Amino acid sequence: MASRIIAVCNQKGGVGKTTLVTGLAEVLSRDLKLKVLVIDADPQRNTTSTLGITEPEFTLNDVLYGDETQNHKIIAGVAGDAILRAGEAWQGDHPQLDLIASERNLASRERDSMMARERRLRTALRGVSENYDIVLIDCPPSLGLLTVNALTAATHALLVSEPRVASVEGLTEIVTTIAEVQENLNEDLDVVGIVINKKKKNRLDQDRWIMQMRNDYQDFVLEPALSDREIFAKSQAASKPLKSFGPTSKLELDGLARLASKILERTAP
Ligand SMILES: Nc1ncnc2c1ncn2[C@@H]1O[C@H](COP(=O)(O)OP(=O)(O)OP(=O)(O)O)[C@@H](O)[C@H]1O
Ligand SMILES: [Mg+2]
């Protein structure tokens with residue numbers, strides 16, 4: 001197994017899962033020179049398009065669907081067949097950034113009823129994740145079968161939250177799901193921590209929610225929080241890494257690098 005397979009999750013939409021996955025993939029591969037595999041487990045396919053892939057031939061949907069001629073049997077290691085290089089804008093600087101893409105039809109995998117349906121990604125990655133230093137899985141905004149597959153395949157869960165009441169309350173639900181996965185499907189799953197995203201300056205309401213999170217989750221709340229900065233949205237819209245925006249991205253890249261080091265430290269085998 002790869003030393004680290006990290007599922008980035010929160011059932012709440014728009015909190016920054018994809019932003020964190022692509023940002024971490026950028027600094028881990030380019031600056032820390034690690035071999036990184038990103039898996040887009042969200043039918044919205046935002047990670048796939050941010051990493052510059054438009055029409056993948058073989059996606060996570062095909063992987064999880066299994067072999068139709070063999071009653072949808074899932075073959076160990078089949079995920080290897082779906083690995084792509086990240087798009088051109090991410091190459092050069094990112095010689096070791098690979099992707100398993102998503103497609104809209106991945107949504108139908110949420111309703112699968114095949115044998116071992118929660119463990120299909122885990123089986124598919126066997127012998128594949130070992131080729132990478134780190135695997136990052138971008139989960140969809142739900143606690144359905146795709147997120148459960150990601151958590152069952154993962155060594156670690158990394159949560160993302162905005163500093164607002166609804167987001168903070170939503171953490172309880174994902175923490176419960178993680179506990180259920182630990183109990184029934186993956187006893188080795190650990191929580192790395194919670195990244196706070198979209199922090200605005202001088203907002204007392206946000207400071208209060210961050211204090212509440214620290215109180216509830218203590219040192220699981222990771223430093224630094226990522227600021228609310230347009231550059232994150234620009235990077236996603238342009239399908240380009242943060243670095244390509246020049247010096248304006250320095251603060252964000254420094255923050256991501258600090259988070260990446262903390263995550264590596266906490267997930268060290
Ligand atoms: N720190 C930030 N500052 C400004 N905009 C941000 C930040 N983080 C994310 N965004 C923007 O907010 C939107 C939602 O972010 P993102 O797609 O990362 O969230 P998500 O949790 O993956 O959403 P979903 O649940 O729909 O997959 C995107 O347009 C993204 O560019
Ligand atoms: Mg997303």
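# Notebook: ligand shell, sheet and loops

**Ligand 1.** I began with the surroundings of ligand 1: 19 residues lie around it, and Lys17, Thr18, Thr19, Pro141 and Ala233 come nearest. I then asked which elements give two or more residues to this shell, and found α1 and α8. By residue class, I noted five nonpolar, nine polar and five charged residues in the shell. I keep in mind that this is a predicted model.

**Overall build.** I went through the secondary structure of the protein and listed nine helices and seven strands. The radius of gyration is 17 Å, close to the 18 Å from the globule rule for 269 residues, so I entered the protein as being as compact as a globular protein of that length. Along the principal axes, I read a box of roughly 60 × 40 × 35 Å for the C-alpha atoms. I looked up burial for the whole protein too: 47% of the 269 residues are buried. For contacts with a separation of 6 or more, I noted that 78% are between residues 24 or more positions apart.

**Sheet order.** I traced the seven strands next. They form an open sheet in the order β3-β4-β2-β5-β1-β6-β7, and the pairing is mixed. Which strands stand at the edges? I found β3 (83–85) and β7 (190–196) there; each has a single partner strand, so one side of each has no neighbour in the sheet. From one strand to the next, I noted an average twist of 25 degrees.

**Strand β5.** I spent some time on β5, residues 134–138. How many of its residues are buried? I counted five of the five, so β5 is largely enclosed by the rest of the structure. I checked the side-chain directions: Ile134, Leu136 and Asp138 point one way, Val135 and Ile137 point the other way, and all are buried.

I then followed its partners. With β2 (residues 36–40), β5 pairs in the parallel sense over five bridges. Along this pairing I found valine 36 opposite isoleucine 134, and valine 38 with leucine 136 as its bridge partner. With β1, the strand β5 also runs parallel, joined by five bridges. Here I wrote down isoleucine 5, whose bridge partner in β5 is valine 135.

**Strands β6 and β7.** I moved on to the end of the sheet where β7 stands with its single partner strand. Between β6 and β7 I found six bridges, and the two strands run parallel. I noted one bridge pair by residue: alanine 157 has valine 191 in β7 as its partner. Is β7 mostly covered or uncovered? I entered it as mostly covered, with five of its seven residues buried.

**Helix α1.** I came back to α1, one of the elements already noted in the ligand 1 shell. The helix covers residues 17–31 and lies across β1 (4–9), β2, β4 (97–100), β5, β6 (156–161) and β7. I read its angle to β5 as about 160 degrees.

**Loop between α7 and α8.** I looked for a cis peptide bond and found one joining glutamate 223 and proline 224, with omega about -5 degrees. I placed proline 224 in the loop between α7 and α8. Serine 227 lies in this loop as well, between α7 (204–217) and α8 (230–238). Why does serine 227 count as partly exposed? I found 16 C-beta neighbours inside 10 Å, and a residue needs 20 or more to be buried and 12 or fewer to be exposed. I also took the C-alpha separation from serine 227 to alanine 238, eleven residues apart along the chain, and read 19 Å.

**Positive phi.** I checked backbone angles in residues other than glycine. Arginine 45 has a positive phi near 50 degrees. I located arginine 45 in the loop between β2 and α2 (46–50). It has 21 C-beta neighbours inside 10 Å, so I entered arginine 45 as buried.

Serine 239 also has a positive phi, near 55 degrees. I placed serine 239 in the loop between α8 and α9 (250–266). Is serine 239 buried or exposed? I found 20 C-beta neighbours inside 10 Å, so serine 239 counts as buried.

Methods
Residues numbered from 1 in each chain as written. Chains lettered and ligands numbered in written order. Predicted model: local features only at pLDDT ≥ 70, side-chain atom pairs only at ≥ 80, totals over all residues. Helix = DSSP H or I, 4+ residues; strand = E, 2+ residues; numbered from the N terminus. Rg over C-alpha atoms; globule rule 2.2 N^0.38 Å. Contact = placed C-beta atoms within 7 Å. Pairing = 2+ DSSP bridges. Axes fitted to C-alpha atoms, helices over the stretch in contact; angles between N-to-C directions. Near = placed C-beta within 6 Å. Nonpolar A, V, L, I, M, F, W, Y, C, P; charged D, E, K, R; others polar.
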